[in-house]
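The two exercises below ask you to read a binding shell and a pocket from a model. Work through each task before turning to its solution.

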Amino acid sequence: MPTTVSILSNITDFVVNEGHGVKGLSEMGLQTLPKQYIQPIEERITPTTVILDDQIPVIDMYNWDNETKLIGEKICNAAEKWGFFQIINHDISLDVLESVKEATYTFFRQPAEEKNKYSKENSSSNNVRYGTSFTPKAEKALEWKDYLSLFYVSDEEAAALWPSALREEALDFLKNSEIVIKKLLEALMKGLNVKEIDQTKESLLMGSKRINVNYYPKCPNPELTVGVGRHSDVSTLTILLQDNIGGLYVKKLDSETWVHVPPINGALVINIGDALQIMSNGRYKSIEHRVMANGSNNRISVPIFVNPKPSDVIGPLAEVLENGEEPIYKQVLYSDYVKHFFRKAHDGKDTVDFAKIK
Ligand SMILES: COc1cc(/C=C/C(=O)SCCNC(=O)CCNC(=O)[C@H](O)C(C)(C)COP(=O)(O)OP(=O)(O)OC[C@H]2O[C@@H](n3cnc4c(N)ncnc43)[C@H](O)[C@@H]2OP(=O)(O)O)ccc1O
Ligand SMILES: O=C(O)CCC(=O)C(=O)O
Ligand SMILES: [Fe+2]
């Protein structure tokens, strides 16, 4: 049985290689944050940069069938001004949402040896990955988060490869989100002058999906570290289910200030990702966000990343450039873009420079 002292002398082994994660560290009852997790001051979330008198829009989807245009305009406005919004009355049942949250706990409660079967080193597939922080090998300071990441290929592959602790519940959330994803994309495309989402567009906008489950355990000295560092998602859009703890912060456009995303029971947080920022030639904003660690509670979240297919080439859509607008992004192979994102530590909005016309 390793002692606390021996674990602390080799944090990376215990947390990363043996698969105990930060959950394992947290459950040892640490009083002080290990030095590996101490973030530089400029990366910590401090009250001085958080504003309380503004928040991301909350959009009610209840009357979608009768008010498609009005609700669609609110969605496009939010995508341009905030890049983030919450939706309520979206038609995914509370049961589905509660079940996937519970299953997330079921997965993370398992022993480290069980979860570590899905680590990068041990997983039988690149499409299923359990890990901690973001990309520990490339990070100067680690992030206080464990995750399981599941790339959806087919129900058959999920049945064969996804952990049974959450397979059904994750698939249910994915399947039930399909209708609202299509509504959101339909509205966003109308705002870009795209009349119809044909097969090519469907692949570009939602050709692949990844569902992550994130676990942020209670943290000693939460003010010195982060749950997730500043980043924008590389998706087309992300649908995020969060629990009632809070801690997600979003950067306000064209400012150095941040707003908190308050948990609303039954709501989903939607954000525009880099792929849609690029396709819209910068009209829709893929906004930086980050997660604060929490000193009193464990927190979980479940994002679904709706993406182009890895083999798609993305760039500003022809419909957006029709009026003579100059493209600010070039055409890039989506899998190259994602690999670039995953190979470096979180660095705010720098990923999108990969696609910028210099
Ligand atoms: C984990 O914490 C996160 C995650 C995020 C995610 C935000 C998103 O927006 S995810 C949306 C991602 N898009 C897709 O999944 C699109 C489709 N997928 C692909 O194109 C490919 O699966 C691939 C991701 C490009 C992987 O390609 P492949 O060639 O098969 O694999 P590798 O060469 O091994 O991967 C390249 C490089 O990335 C690392 N990596 C791969 N997958 C993940 C993953 N799920 N999580 C973390 N890291 C991953 C892999 O280790 C490789 O790095 P090396 O250093 O080993 O070369 C947002 C915020 C978070 O905190
Ligand atoms: O946990 C959250 O609230 C956000 C997580 C996130 O930004 C991500 O996984 O990309
Ligand atoms: Fe994110």
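**Exercise 1.** State the volume of the second largest pocket in this predicted model, and describe the residues that line the second largest pocket.

*Solution.* Begin with the volume, which for the second largest pocket comes to about 270 Å³. Next, turn to the lining, which is made up of 16 residues, with Q39, E43, A141, A345 and H346 lying nearest the centre of the pocket. Finally, sort the lining by class, which gives 5 nonpolar, 4 polar and 7 charged residues.

**Exercise 2.** Which residues are around ligand 2, and which of the elements gives the most to the shell?

*Solution.* First, list the shell: ligand 2 is surrounded by N214, Y216, H231, D233, L240, L248, H289, V291, R299, S301, P303 and F305. By class, these residues divide into 6 nonpolar, 4 polar and 2 charged.

Second, look for polar side-chain atoms that lie within 3.5 Å of an oxygen atom of ligand 2. Such an atom of H231 lies 3.1 Å from a ligand oxygen, a side-chain N or O atom of D233 is 3.2 Å from an oxygen of ligand 2, and for H289 the corresponding distance is 3.0 Å.

Third, consider the cover: of the 290 Å² of accessible area that ligand 2 has on its own, the protein covers 94%.

Fourth, assign the shell to secondary structure, where β5 (208-216), β11 (289-291) and β12 (299-307) are the elements that give two or more residues. The element that gives the most is β12, with 4 residues.

Methods
Residues numbered from 1 in each chain as written. Chains lettered and ligands numbered in written order. Predicted model: local features only at pLDDT ≥ 70, side-chain atom pairs only at ≥ 80, totals over all residues. Heavy atoms only, no water. Polar contact = N/O pair within 3.5 Å; in protein donor to acceptor, adjacent residues only side chain to side chain. Areas by Shrake-Rupley, 256 points an atom, 1.4 Å probe, with all protein chains shown as cover. Nonpolar A, V, L, I, M, F, W, Y, C, P; charged D, E, K, R; others polar. 1 Å grid on protein atoms, 1.4 Å probe; cavity = no way out; pocket = protein on both sides within 12 Å on 5 of 7 lines; lining within 4 Å. Points joined across faces, edges and corners; volume = space filled by probe spheres on them.
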